[in-house]
Each structure stands twice: as C-alpha cells, then as structure tokens.
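Please look over the protein chain shown here before reading the report. The notes describe its overall build and then one helix.

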Amino acid sequence: PVPNRVLSASLSALVSLPEGLVELACEQSGGNPLIAVEAVRGYLNDQGLASAPRDPSEVLRQRINHACEGPQGGELKSLLARSTLLGRSFTPATPAKLAVVPRDPHAPLFDSLEGEALDDLIHTLLDRATQAGLIKEQRQRMIYAHDLIRVELREVAQGLANWGELNRVTA
C-alpha cells in the first residue's frame, strides 16, 4: 500500500478535485493507487464515489469492459483474450494466427476477414488496447500493462467457445 500522504499528493496532481474527495478516495482505496485512481475516475464520470470498487480485479474488469464497448468491442476483447495464450508478451503479428480460429460469436469479423484486411483490423485493435492502457509496446513486443489484466483476460479466454481449438493452435 502507498501511504495516504503520497497517494493524496499524486491524486491532487492529476486533476482539480472537490475538497475532501482526494482524502475519501485514499481512505476507500486502502492505499492501493489503482483503486484510488478508479474511484476518482468514477466520481468524475458519474459525480459520486458511492460504488467505488475495492477489489483490484473488479477495477480491471471494468477497465477491460469499458475499452471493449462500442464497434468492434467484441473483436477487441476476443483478441486480447486469445493473446493470453501467447504468454506474457507477444509480437504484434502473432495474434493473427489466433484470429483465424473460428467460432467466437462475439467476434464475427474474425470469421469474415482474411489477409491484409484482417491484419489491418488486428493492428487497429492493438492500437485501441494500447490507448486504453491494457497493453503497451516494449522492445517491439506487446505486453500487458499489468499482469492482473492478463489474468482477467485469461479467464475470458477460457470461456470462449473455441477455447480448445485455440489451445491446439498455440501448442
């Protein structure tokens, strides 16, 4: 845990907040900076801290779900989940081998695209995941921004209808 004094100074440096909000976020987070930041983000989004998550896994699930909203959100979540089968890091080109494995009803574009069109989609999705802070590039490889993000996405992967076939492809 981060001491409240340090966490409070860090949160105050991010954005101007109403009096008492920083202290409340620090108190509710128990010194966990991820939860404190998400609590403040939640306040800024819906003008209240009442439902600030206390579990880091829940915070990360919310971040993943938020990043995967909207057009191609199913494909983004599926691609990130599939990528967990590649280990803690992967090259940007490698997910294409997994994207061609059919039967994910949440990612219909993977079944209908191929070649350059599929590569372009994957590149776009990886950029989107990077902008959302879920993955980052390090030495020409993609890594998860936090190992707990990979763990959460791995659970999503295990629920995919094509889980068995994805495992055979990566074996």
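The report below takes up the fold, the surface and charges, and then a single helix of this predicted model.

## Overall fold

In this predicted model, the secondary structure of the protein chain consists of 10 helices and three strands, and these elements follow one another along the sequence in the pattern α-α-α-α-α-β-α-α-α-β-β-α-α. Taken along the principal axes, the box filled by the C-alpha atoms of the chain is roughly 55 × 30 × 25 Å.

When contacts in the protein chain with a separation of 6 or more are considered, 61% of them come from residues 24 or more positions apart.

## Burial, surface and charge

The protein chain has 171 residues, and 39% of them count as buried. Its accessible surface comes to about 9400 Å², and carbon and sulfur atoms account for 51% of that area.

The chain carries 17 positive and 21 negative charges, and the mean positions of these two sets lie 7 Å apart.

## Helix α4

Helix α4 covers residues 56-67, and because a helix is expected to rise 1.5 Å a residue, its 12 residues should span 16 Å; the C-alpha atoms at its ends are 17 Å apart, which agrees with that expectation.

Within α4, the buried residues are S57, V59, L60, R63, I64 and A67. These residues cover an arc of only 160 degrees around the axis, and therefore they lie on the same side of α4.

Note on methods:
Residues numbered from 1 in each chain as written. Predicted model: local features only at pLDDT ≥ 70, side-chain atom pairs only at ≥ 80, totals over all residues. Heavy atoms only, no water. Helix = DSSP H or I, 4+ residues; strand = E, 2+ residues; numbered from the N terminus. Buried < 20%, exposed > 50% of the residue type's maximum accessible area, 1.4 Å probe, protein only. Contact = heavy atoms within 4.5 Å. Areas by Shrake-Rupley, 256 points an atom, 1.4 Å probe, with all protein chains shown as cover. Lys, Arg positive; Asp, Glu negative; His and termini not counted. Charge placed at Lys NZ, Arg CZ, Asp CG, Glu CD. Expected span 1.5 Å × (residues − 1). Arc of directions from axis to C-beta.
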